[in-house]
Amino acid sequence: MAARVAVSRWGAWPVAGRRGPLVPCRRWSSAPADTVYDVVVSGGGLVGAAMACALGYDTHFCDKKILLLEAGPKKVLEKLPETYSNRVSSISPGSATLLSRWRDKQEPRRDMGPHEVALSLSFVGFGAWDHICNMRHRAFRRMQVWDACSEALIMFDKDNLDDMGYIVENDVIMHALTKQLEAVSDRVTVLYRSSAVGYTWPYPFSMADSSPWVQITLGDGSTLQTKLLIGADGHKSGVRQAAGIQNISWNYDQCAVVATLHLSEATENNVAWQRFLPSGPIALLPLSDTLSSLVWSTSHKHAAELVSMDEEQFVDAVNSAFWSDANHTDFVDSVGTMLQHAIALLKPTKVSARQLPPSVARVDAKSRVLFPLGLGHAAEYVRPRVALIGDAAHRVHPLAGQGVNMGFGDISSLVHHLSTAAFNGKDLGSMSHLTGYETDRQRHNTALLAATDLLKRLYSTSATPVVLLRTWGLQATNAVSPLKEQIMAFASK
């Protein structure tokens, strides 16, 4: 990811939070000419690498120069390790489509209307999914979410048991993206161990001794220019800070503990499990018939204890978190039963049978780590010649499993708008199409961020009135199939 950016005193915005032209730093005409790229992507993580891939495989970018800046070394996965990584992502069907096999789009004709052009330019993926399938991933076909303080639950599944999503190790996704980037090296240049340390913004009006593009200074002192800078450099984004884009953020009072777990016995293991404890949600995600990945969000103190305790204690703590009824009360259970009967009378429907989660036998050595959690959202995703994607634009709690999917959704939208602009011969850094991307994604992302934050707060208490409220909410939602389908459709994008 791009390193911390140094911004000169001329590079700040005049008024924070108000959209306007970037205040430039002067570039003298006597300076040597820099290499000019059409697009520079700053940050070569999953989202940044996928963005560069998407542009590299886009038909209308065949004559464009694209650069990907990655501060770290090139990650080479010569052989798939026997042990699974503890860092995994839940990939939605929509994200899998983005990563899937690339094929030629329908070439728009000049006589097409705007809607026909948009359809013909719809992005269709860039072939990384084949590499993932040839390595390893695990599909899940159901998701069971339930409350530790009551008997309320919701089961997400499909009548035909289609895949709801896929659990994939981040290293596997990164390897697939690297392979696809190598295949388009004539269009996409990747600079590893390179990060931006400063930006010079163009003047809002033309001057004889100024450049119309963004100038980027790298850590080794070299400079380059770009018509569009895409910030994919994480939640501490240097691009966002340098552009003066306001970021609304706060840290949660939680850390996430991740680990690779061995199950007591082999199963089909095609269900994603999540239980809301008063201290935070715990999730068990399938990796294979005998392995699952743990994501346990809990207090900072408890997280530190989980990471440091011995294996037997840790395994007992995980099994207890999924199976124990210690947080139940007779009153809540009685009211919950009455609510369930009332809902069944009002709306008789087929409800998926409750399943029991698998028990855990042991944990992979050294797979336990923790990381802090927080929420963040950029007030703006774009400014002239700048666009933010992924965690640079939004940071979300892992309880919804949507972090990387939101980033991949950003890519689909931004590539669509840029491809349309390239086909029409427009300036890639123009706000005329960048604002279309911002509108598309903020509408989706703000709704998801708000819902996730609300759920986190709603389930962080064992107060009886709140427990009864969410018990009724879960039971009602579980009984209304169209509502569940809408939730699944939204999460699948």
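**A tour of helix contacts**

Helix 1 and helix 5 lie roughly parallel to each other in this model, which is predicted. To see this pair, select residues 46–56 for helix 1 and residues 170–183 for helix 5. Their axes come within 10 Å and cross at roughly 25 degrees. Angles under 35 degrees count as roughly parallel, so the label fits this pair. The crossing of helix 1 past helix 5 is left-handed.

Now show the side chains where the two helices touch. On helix 1, pick L46, A49, A50, A52 and C53. On helix 5, pick N170, I173, M174, L177, Q180 and L181. Colour this contact by class: nine residues are nonpolar, two are polar and none is charged.

**Next: helix 10**

Keep helix 1 on screen and add helix 10, residues 403–423. These axes also come within 10 Å, crossing at roughly 25 degrees. Helix 1 and helix 10 are therefore roughly parallel to each other. Check the hand here: helix 1 and helix 10 make a right-handed crossing, whereas helix 1 passes helix 5 in a left-handed one.

Select L46, V47, A50, M51, A54 and L55 on helix 1. They meet V404, G407, F408, I411, L414, V415 and L418 of helix 10. The classes here are 12 nonpolar, one polar and no charged residues. L46 and A50 deserve a click: they belong to the contact with helix 10 and to the contact with helix 5.

**Then: helix 11**

Move to residues 431–458, which form helix 11. Helix 11 has 28 residues. From first C-alpha to last it reaches 39 Å, close to the 40 Å expected at 1.5 Å a residue. Where is the kink in helix 11 centred? Click Q442: the kink there is about 30 degrees.

**Last stop: helices 12 and 13**

Select residues 464–479 for helix 12 and residues 481–491 for helix 13. Their axes come within 5 Å and cross at roughly 95 degrees. Helix 12 is therefore roughly perpendicular to helix 13.

Show T477, N478 and A479 of helix 12. Opposite them, show S481, L483, K484 and I487 of helix 13. This contact divides into three nonpolar, three polar and one charged residue.

Conventions
Residues are numbered from 1 along each chain as its sequence is written. This is a predicted model: local features need pLDDT of at least 70, side-chain atom pairs count only at pLDDT 80 or more; totals for chains, interfaces and linings use all residues. Side-chain values use heavy atoms; hydrogens and water are left out. Axes are lines fitted to C-alpha atoms, for helices over the stretch in contact, and angles run from 0 to 180 degrees between N-to-C directions. Helices (H or I, at least four residues) and strands (E, at least two) are DSSP runs, numbered from the N terminus. Angles under 35 degrees count as roughly parallel, over 145 as roughly antiparallel, 65 to 115 as roughly perpendicular and the rest as oblique. A crossing is left-handed if the near helix is turned anticlockwise from the far one by less than a right angle, and right-handed if clockwise. Contact means heavy atoms within 4.5 Å. Ala, Val, Leu, Ile, Met, Phe, Trp, Tyr, Cys and Pro count as nonpolar, Asp, Glu, Lys and Arg as charged, and the others, Gly among them, as polar. The expected span of a helix is 1.5 Å times one less than its number of residues. The bend at a residue is the angle between axes fitted to the seven residues ending there and the seven starting there.
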